[in-house]
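Biologist: Shall we go through this one together? I'd like to take the whole chain before any single residue.

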Amino acid sequence: SLFTTPITLVAAQGATKTIYPVCALLEVTVTTGYSSSPTFELIHTGDAATELIAFDGFSFVSTGTKSSFGMALDHVRNPYGTFDPRNKDLQIALTADPGTPGTGVATGTVTVYYVVVTTT
């Protein structure tokens, strides 16, 4: 359900605060394979267009435990445009549905290192 319902990893920090992930580690155990392998990504709530960290190359089709390390994208060269990232949750999401609901089973753990920046 991460494609339709992202999971909050870090709650919003306040009106003038922005959460910037520095790096993250993702470990997923697939016990029943899915039909496709979309990308895991860290995003701010409401801004699926700006991925902060992407975990590429994960296979949901094969079973087993997989891990991936991701570094933050350059926020200066990848601006938010009109999106205001202040006071937004940090979430993990999928870029697509990995299969028909009920066809796969996976559990995961995410470790995120982040900073909170105060802006005015």
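Modeller: Gladly! Accessible areas here come from the Shrake-Rupley method with a 1.4 Å probe, and for residues, only the protein chains shown count as cover. This is a predicted model, where local features need pLDDT of at least 70, side-chain atom pairs count only at pLDDT 80 or more, and totals for chains, interfaces and linings use all residues. Residues are numbered from 1 along each chain as its sequence is written, and side-chain values use heavy atoms, with hydrogens and water left out.

Biologist: What share of the exposed area do carbon and sulfur atoms supply?

Modeller: The protein chain exposes about 6,500 Å². Of that area, the carbon and sulfur share is 55%.

Biologist: How many strands does the protein chain have?

Modeller: Helices (H or I, at least four residues) and strands (E, at least two) are DSSP runs, numbered from the N terminus. The chain has zero helices, and its pattern reads β-β-β-β-β-β-β. The strand count is seven.

Biologist: Is Thr 111 buried, partly exposed or exposed?

Modeller: Thr 111 lies in strand β7, residues 105-118. Buried means under 20% relative accessible area, exposed over 50%, and partly exposed in between (1.4 Å probe, protein chains only). Because its relative accessibility is 34%, Thr 111 counts as partly exposed.

Biologist: Which residues does Thr 111 touch, leaving out those up to four places away in sequence?

Modeller: A contact means heavy atoms within 4.5 Å. With residues up to four places away in sequence not counted, Thr 111 touches Cys 23, Ala 24 and Leu 25.
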